[in-house]
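Me: I should like to learn how to read the features of a protein model. Could you guide me through one example?

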Amino acid sequence: MADFTVDEWPKGSLEETVQNAVKSWEMELSHKIKLQDFNTINPRKFKLFVNGREGLSGEETLRIGSYNAFLKSPLPEEFQYYKAEEETFESSHEAFRSCFPRGFAWEVIEVYSPPPLIAFKFRHWGFFEGPFKSHSPTGELVEFYGLATLKVDEALKVEEAEVYYDPAELFGGLLKGKITASESQSKENVKEDLAASVGCPFFKPKE
């Protein structure tokens with residue numbers, strides 16, 4: 001079985017502090033239902049910015065879930081790998097729990113600046129061992145790297161988070177899985193039904 005370990009930084013180091021803080025924030029986003037119960041952010045000031053998009057408040061981020069917050073795309077719908085607007089908090093978490101049954105690890109690679117404006121490089125990774133939507137698992141390592149800044153207060157609670165990464169690094173690995181036969185047939189049936197409904201002159205029904 002492939003190794004699934006995360007690098008550990010020296011105890012008390014800035015790198016360990018940042019890594020633990022972000023892991024705690026992700027845990028709170030996944031398990032807490034009231035923003036006032038969060039210990040990692042300043043609820044009144046918190047804003048999340050991803051890849052230069054408009055910022056999300058803490059309440060908005062909590063409502064749609066961390067996956068949907070990070071995976072929203074400005075691309076036209078037909079070019080989107082993942083349609084965040086069609087997913088709920090629950091469905092998004094189920095999709096990634098399913099494809100990464102051993103977990104989707106997160107780790108700090110390097111910290112460039114200390115508080116109050118922390119800048120760092122990170123890695124998110126897991127082994128594609130369960131189905132993702134209609135794609136079968138490959139068992140391969142899927143990972144992506146990114147850069148982020150955290151503006152924190154005196155208590156190290158996050159007021160603003162800016163994250164930059166390339167979603168294609170993630171979905172390039174997930175979409176390599178073969179499409180299941182039932183899904184392929186379903187898509188073919190949709191094409192046939194659509195062509196028949198509009199009387200397409202170039203469509204010849206199967207005999």
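Reply: The following exchange goes from the overall fold to the pocket. Please note that this is a predicted model.

Me: How many helices and strands are there in the protein, and in what order do the elements run?

Reply: One begins by listing the elements from the N terminus. Here the protein has 6 helices and 6 strands, and their order is α-β-β-α-α-α-β-β-β-β-α-α.

Me: What share of the residues counts as buried?

Reply: A residue counts as buried when its relative accessible area is under 20%. In this protein of 207 residues, 38% meet that description. As for the surface, about 12300 Å² is exposed, and carbon and sulfur atoms supply 55% of that area.

Me: Among contacts between residues at least 6 apart in sequence, what percentage joins residues at least 24 apart?

Reply: A contact means heavy atoms within 4.5 Å. For this protein the percentage is 56%.

Me: How much space lies in the largest pocket, and which residues are closest to its centre?

Reply: The largest pocket holds about 690 Å³ of space. It is lined by 30 residues, and Glu26, Ser30, Ser66, Tyr67 and His124 are the closest to its centre.

Me: Which elements give two or more residues to this lining?

Reply: They are helices H1 (14-31), H3 (66-71) and H4 (89-99), together with strands E4 (117-127), E5 (141-152) and E6 (158-165). The largest share, 8 residues, comes from H1.

Me: How is the lining of the largest pocket divided by class?

Reply: One sorts the lining residues by class: here 20 are nonpolar, 6 polar and 4 charged.

Notes: Residues numbered from 1 in each chain as written. Predicted model: local features only at pLDDT ≥ 70, side-chain atom pairs only at ≥ 80, totals over all residues. Heavy atoms only, no water. 1 Å grid on protein atoms, 1.4 Å probe; cavity = no way out; pocket = protein on both sides within 12 Å on 5 of 7 lines; lining within 4 Å. Points joined across faces, edges and corners; volume = space filled by probe spheres on them. Helix = DSSP H or I, 4+ residues; strand = E, 2+ residues; numbered from the N terminus. Nonpolar A, V, L, I, M, F, W, Y, C, P; charged D, E, K, R; others polar. Buried < 20%, exposed > 50% of the residue type's maximum accessible area, 1.4 Å probe, protein only. Areas by Shrake-Rupley, 256 points an atom, 1.4 Å probe, with all protein chains shown as cover.
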